[in-house]
Amino acid sequence: MSTTKKVTVTAVAVGLGLVALSACGSSDGSGDKAADSKNITLVTHDSFNVSKNVLKEFEKRSGYKVSVLKDGDAGAAVNKAILSKDNPQGDVFFGVDNTLLSRALDHDLFQSYEAKGSDQIVSQFRVDQDKRRVTPVDSGDICVNYDKKYFADKKLAPPKSFEDLVKPAYKDLLVTENASTSSPGLGFLLGTAAQYGDDGWQGYWKKLKANGVKVVDGWEQAYSQEFSGSTGGKKAKGDRPLVVSYASSPPVEVLYAKPQPKEAPTGVATGTCFRQVEYAGLLGNAKNEKGGKALLDFLISGEFQEDMPLNMFVNPVRKNAELPELFVKHGVTIDKPETMAPKKIADNRDQWVKSWTSLVLK
């Protein structure tokens, strides 16, 4: 198996001032296209990472310079991209997942493009095959993670299922993300809807609320600030030993701990998982369409796909992409995650989120 080194992520932090500047650009765009012909802007969520050497190799080979605009949690980033679609902040958007895909497609966020190498993508992840507006990039399972030390110290068995989370033993222990602003939060909501059905998920959330679930805006806050098991090589600050995150979270704790432990300090409640797939697309009205297409080709290349697991802790969608040994050793494979048909998500998502907001946040 290939190994991946820990490398500093390179990204360009872009604030509101630059967003405003972009909105004030020339109306015909002709001068901008000429000036920016060698620049590509990737709009994405806060969790996007890529090894510096991998990105530099793409820039060297293609002749393009990539700027990365991290625009909040995935849900918020998608909403911003839709609002600015007539004058987009970049050329490519990465990070819209299966829970929000219909919203992006219904608002015509992307233009058609079939990325080179698409034939190497595992068929189960392909969608929108008639118009080819999005390209699958990665998959992962949204699951509850637990702090092993906390449960060992308390001599309490960690939860295994959705049903366990509403038991008195786990009162005030879980933090999750807002389903209206966060893709993991929405994925967790959809997981409960898949588990308990249209008529049962609200009753489940009433129990979860009564059992002290805490809701925060996004994944970064939930995992890095509220969760007691998130170390990243430093002392954890949070006091909640249960968090909605990913089945692939344990390897990150091993990778960044100094010294690296033999066993991950976090575990996964395998009966709480929902399958997520993330996509990328060429934004409509992109200033640099040619460069954007080259970037999409890169996102499904072998180099990028094999770099993802220890940077974004997700699974590649490319056939035969090799996984790093650390990722395989400490990651968790979910054999039977909750899933939901894209049409059912599209038909029910907005109403479910509205009901969830009234039920949980008020």
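**Entry 1: helix α4 and its cover**

I began with the surroundings of helix α4, and found that the cover over its buried residues includes β1 (39-44), β3 (92-97), α5 (101-106) and α7 (183-196). The model I am reading is a predicted one. Within α4, which runs over residues 74-83, the buried residues are Ala74, Gly75, Ala77, Val78, Ala81 and Ile82. I then looked up how these are placed around the helix, and they cover an arc of only 165° around the axis, which puts them on the same side of α4. This is in keeping with a general point I noted beside the entry: an α-helix has 3.6 residues a turn, so residues three or four places apart point the same way.

**Entry 2: the chain as a whole**

Stepping back from α4, I counted 14 helices and 10 strands in the protein chain. The chain has 362 residues, and 52% of them count as buried. For the accessible surface I have a value of about 16500 Å², with 50% of that area belonging to carbon and sulfur atoms. I also looked up how contacts are spread along the sequence: when contacts between residues at least 6 apart are taken, 77% of them join residues at least 24 apart.

**Entry 3: strand β5 and its partners**

Which strands pair with β5, and in what sense? I found an antiparallel pairing with strand β9 (residues 266-283) over 11 bridges, another antiparallel pairing with strand β8 (residues 242-246) over five bridges, and an antiparallel pairing with strand β10 (residues 315-316) over two bridges. To fix the register I noted one facing pair for each partner: Asp147 stands opposite Thr266 in β9, Cys143 stands opposite Ser245 in β8, and Asp138 stands opposite Pro316 in β10. As for its surroundings, β5 (residues 135-147) is mostly covered, with 13 of its 13 residues buried.

**Entry 4: the disulfide between β5 and β9**

Cys143 came up again when I searched for disulfides, and the count came to one. The bond joins Cys143 to Cys273, with an S to S distance of 2.1 Å. Because Cys143 lies in strand β5 and Cys273 in strand β9, the pair ties together parts that are 130 residues apart in sequence; these are strands that I had already recorded as paired with each other in the antiparallel sense. The torsion about the S-S bond is about 120°, so I entered this disulfide as right-handed. Both Cys143 and Cys273 are buried.

**Entry 5: Gln305 and Val122, on either side of Pro316 and Val317 in my list**

Is Gln305 buried or exposed? Gln305 belongs to helix α12 (residues 302-307), and I recorded it as buried because its relative accessibility is 0%, where the cut-off for that term is under 20%. A polar atom of the Gln305 side chain lies 3.0 Å from the backbone oxygen of Leu299. With neighbours within four places in sequence left aside, Gln305 is in contact with Val137, Leu299, Ile300, Pro316, Val317, Arg318 and Ala321.

Val317 appears again in the contacts of Val122, which, with sequence neighbours within four places left aside, touches Val317 and Lys319. Val122 is placed in the loop between β4 (110-111) and β5, and it counts as partly exposed because its relative accessible area is 26%. I also looked up the separation of the C-alpha atoms of Val122 and Pro316, which is 9.4 Å for two residues 194 apart along the chain.

**Entry 6: backbone details in the loops**

I closed with the backbone geometry, and here I noted a cis peptide bond that joins Lys258 and Pro259, with omega at about -5°. Pro259 is found in the loop between α10 (249-256) and β9.

Arg132 has a positive phi of about 55° although it is not a glycine. Arg132 sits in the loop between β4 and β5, the loop that also holds Val122, and with a relative accessible area of 31% Arg132 is partly exposed. For Lys155, again not a glycine, I have a positive phi of about 55°. Lys155 lies in the loop between α6 (148-153) and β6 (174-177), and I entered it as exposed because its relative accessible area is 77%, the cut-off for exposed being over 50%.

Technical notes: Residues are numbered from 1 along each chain as its sequence is written. This is a predicted model: local features need pLDDT of at least 70, side-chain atom pairs count only at pLDDT 80 or more; totals for chains, interfaces and linings use all residues. Side-chain values use heavy atoms; hydrogens and water are left out. Buried means under 20% relative accessible area, exposed over 50%, partly exposed in between (1.4 Å probe, protein chains only). Helices (H or I, at least four residues) and strands (E, at least two) are DSSP runs, numbered from the N terminus. Two strands pair if DSSP finds at least two bridges between them. Contact means heavy atoms within 4.5 Å. A polar contact is a pair of N or O atoms within 3.5 Å; within protein, one must be able to donate a hydrogen and the other to accept it, and residues adjacent in sequence count only if both atoms are side-chain atoms. The arc is that of the directions from the helix axis to the C-beta atoms. Accessible areas come from the Shrake-Rupley method with a 1.4 Å probe; for residues, only the protein chains shown count as cover. A disulfide is a pair of cysteine sulfur atoms within 2.5 Å.
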